[in-house]
Amino acid sequence: MPHEPVMVAEVTELLGGRRTVIDMTVGGGGHAAALLGSGVGRVVGVDRDPVAVALASDRLAGFGERFRAVLALHSDVGEELAGEEVDGVLYDLGLSSMQLDRPERGFGYRQDGPLDMRMGMGTAGAPAGAPGADEPSAADLVNGLSERELADLIFRFGGERKSRRIAAAIVRRRPIRTTDQLAGVVVGAVGRRPGGPHPARRTFQALRIAVNRELEELAVSLPQAVGFLVPGGRVVVIAYHSLDDAIVKRALREDERLRVLTKKPLRPSDEEVARNPRARSARLRAAERAGEAA
Ligand SMILES: C[S@@+](CC[C@H](N)C(=O)[O-])C[C@H]1O[C@@H](n2cnc3c(N)ncnc32)[C@H](O)[C@@H]1O
């Protein structure tokens with residue numbers, strides 16, 4: 001299924017009419033297309049996932065020179081942006097539906113696949129040196145960490161209260177190579193409540209965050225992005241879980257170069273959530289770089 005972009009109206013309202021926007025998480029290019037369609041002059045679309053970069057390039061080819069794609073970690077785009085007069089930056093964090101829905105990427109507990117979860121891919125089709133290609137996969141963590149390290153990881157990044165029981169069950173059943181195996185081990189350890197969320201949800205989230213070093217990436221990248229902005233330029237961030245949102249809230253609030261535009265985070269409308277359940281947990285925060293606009 002193509003990825004449906006979240007809170008598009010709010011994003012275009014905040015970034016509409018800008019000259020150059022860096023889309024740090026271009027994914028399938030949904031937000032980038034909306035921004036270009038709403039009159040933004042140019043968009044540079046960054047993603048660590050070669051599949052996303054290829055898809056977005058294809059989809060946005062009709063915009064010609066107004067769109068450029070960059071395969072990189074968003075913490076590592078400095079050189080690529082040299083010479084750009086950036087007056088907007090967008091982050092739409094987390095996974096795209098294209099990543100989640102492909103079993104071979106190993107993100108989902110509902111379909112069987114290899115226990116991978118790297119957003120930048122080491123798998124077939126990725127160019128040599130693609131970001132993430134040589135990083136450990138979820139299987140490496142699950143099979144290589146100690147029971148204590150696994151329990152801490154699942155608790156810290158998944159907020160899972162039964163993390164110790166899950167870690168003990170994982171260690172008993174290793175090696176674990178597939179998403180089905182891992183989901184089965186978690187269900188066996190903690191049981192399943194009829195009608196409740198899938199018991200492996202938090203364990204999978206924790207592993208994904210750890211594999212992709214998502215929190216470190218964001219904490220490093222945000223202040224750098226503010227540094228790219230001209231006075232009057234805006235940064236807009238959509239986060240989907242509280243760990244990301246806490247980093248965003250703090251980074252925007254504590255950066256003396258910024259004026260926060262969203263006292264409370266903006267939330268998607270009920271109508272959007274009904275249409276696109278993925279939007280349910282979205283929180284959008286925005287800030288503007290201080291000083292006279294150029
Ligand atoms: C929610 S999707 C973005 C969807 C996009 N806004 C759209 O409308 O199609 C998030 C994307 O960010 C990418 N990503 C996540 N962390 C990244 C990082 N540290 N550096 C670069 N890209 C990253 C993922 O690979 C994924 O494609």
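These exercises walk through a predicted model, each with a worked solution.

## Exercise 1: The sheet

**Task.** In what order do the seven strands of the open sheet stand, and which strands stand at the edges?

**Solution.**
- Step 1. Read across the sheet. The order of the seven strands is 3-2-1-4-5-7-6. The sheet is open, and its pairing is mixed.
- Step 2. Look at the two ends of that order. Strand 3 (67–71) and strand 6 (258–260) stand there, each with a single partner strand. One side of each is therefore left without a neighbour in the sheet.
- Step 3. Add the twist. On average, neighbouring strands are turned by 20 degrees against each other, direction ignored.

A general point helps with the next exercise. Strands of a sheet pair through backbone hydrogen bonds, and the pairing is either parallel or antiparallel.

## Exercise 2: Parallel or antiparallel?

**Task.** Take four strand pairs: 1 with 4, 4 with 5, 5 with 7, and 6 with 7. Which sense does each pair have, parallel or antiparallel?

**Solution.**
- Step 1. Strand 1 (residues 20–23) and strand 4 (residues 86–92) run parallel, joined by three bridges. Within this pair, Val21 stands opposite Gly88. Ile22 has Val89 as its bridge partner in strand 4.
- Step 2. Strand 4 also pairs with strand 5, in the parallel sense, over six bridges. Here Leu90 faces Val236 of strand 5.
- Step 3. Strand 5 and strand 7 run antiparallel, and six bridges join them. Ala239 stands opposite Arg283 in strand 7.
- Step 4. Strand 6 pairs with strand 7 in the antiparallel sense over three bridges. Arg259 stands opposite Glu288 in strand 7.

## Exercise 3: Covered strands

**Task.** How many residues are buried in strand 4, and how many in strand 7?

**Solution.**
- Step 1. Set the cut-off. A residue is buried if its relative accessible area is under 20%.
- Step 2. Count strand 4. Seven of its seven residues are buried, so the rest of the structure largely encloses this strand.
- Step 3. Count strand 7. Five of its seven residues are buried, and the strand is mostly covered.

## Exercise 4: Helices on the sheet

**Task.** Which strands does helix 1 lie across, and which does helix 2 touch?

**Solution.**
- Step 1. Helix 1 (residues 8–15) lies across strand 1, strand 4, strand 5 (229–239) and strand 7 (283–289). Helix 1 runs at about 170 degrees to strand 5.
- Step 2. Helix 2 (residues 30–37) packs on the sheet and touches strand 1, strand 2 (42–47), strand 3, strand 4 and strand 5. Its direction makes about 175 degrees with that of strand 2.

## Exercise 5: One helix, two faces

**Task.** What span should helix 11 have, and which of its residues are buried?

**Solution.**
- Step 1. Work out the length. Helix 11 (residues 242–254) has 13 residues. The expected span is 1.5 Å times one less than the number of residues. That gives 18 Å, and the end C-alpha atoms are 18 Å apart, which agrees.
- Step 2. Find the buried residues. They are Asp244, Asp245, Val248 and Leu252.
- Step 3. Look down the axis of helix 11. The buried residues fall within an arc of 95 degrees, so they line one face. An α-helix has 3.6 residues a turn, so residues three or four places apart point the same way.
- Step 4. Turn to the face directed away from the buried side. It carries the exposed residues Ser242, Arg250, Arg253 and Glu254.
- Step 5. Ask what covers the buried residues. The cover includes helix 10 (214–228), strand 5, strand 6 and strand 7.
- Step 6. Zoom in on Val248. Its relative accessibility is 1%, so Val248 counts as buried. Beyond neighbours within four places in sequence, Val248 is in contact with Leu93, Leu218, Leu222, Val237 and Arg285.

## Exercise 6: Two buried side chains

**Task.** Which residues do Thr203 and Ser163 touch, leaving out those up to four places away in sequence?

**Solution.**
- Step 1. Thr203 sits in helix 9 (residues 201–211). Its relative accessible area is 0%, so Thr203 is buried.
- Step 2. Thr203 touches Ile154, Ile166 and Val186.
- Step 3. Ser163 belongs to helix 7 (residues 163–173). With a relative accessible area of 4%, Ser163 is buried.
- Step 4. Ser163 touches Ala151, Ile154 and Phe155. Its side chain reaches the backbone oxygen of Ala151 at 3.4 Å.

Technical notes:
Residues are numbered from 1 along each chain as its sequence is written. This is a predicted model: local features need pLDDT of at least 70, side-chain atom pairs count only at pLDDT 80 or more; totals for chains, interfaces and linings use all residues. Side-chain values use heavy atoms; hydrogens and water are left out. Two strands pair if DSSP finds at least two bridges between them. Helices (H or I, at least four residues) and strands (E, at least two) are DSSP runs, numbered from the N terminus. Axes are lines fitted to C-alpha atoms, for helices over the stretch in contact, and angles run from 0 to 180 degrees between N-to-C directions. Contact means heavy atoms within 4.5 Å. Buried means under 20% relative accessible area, exposed over 50%, partly exposed in between (1.4 Å probe, protein chains only). The arc is that of the directions from the helix axis to the C-beta atoms. A polar contact is a pair of N or O atoms within 3.5 Å; within protein, one must be able to donate a hydrogen and the other to accept it, and residues adjacent in sequence count only if both atoms are side-chain atoms.
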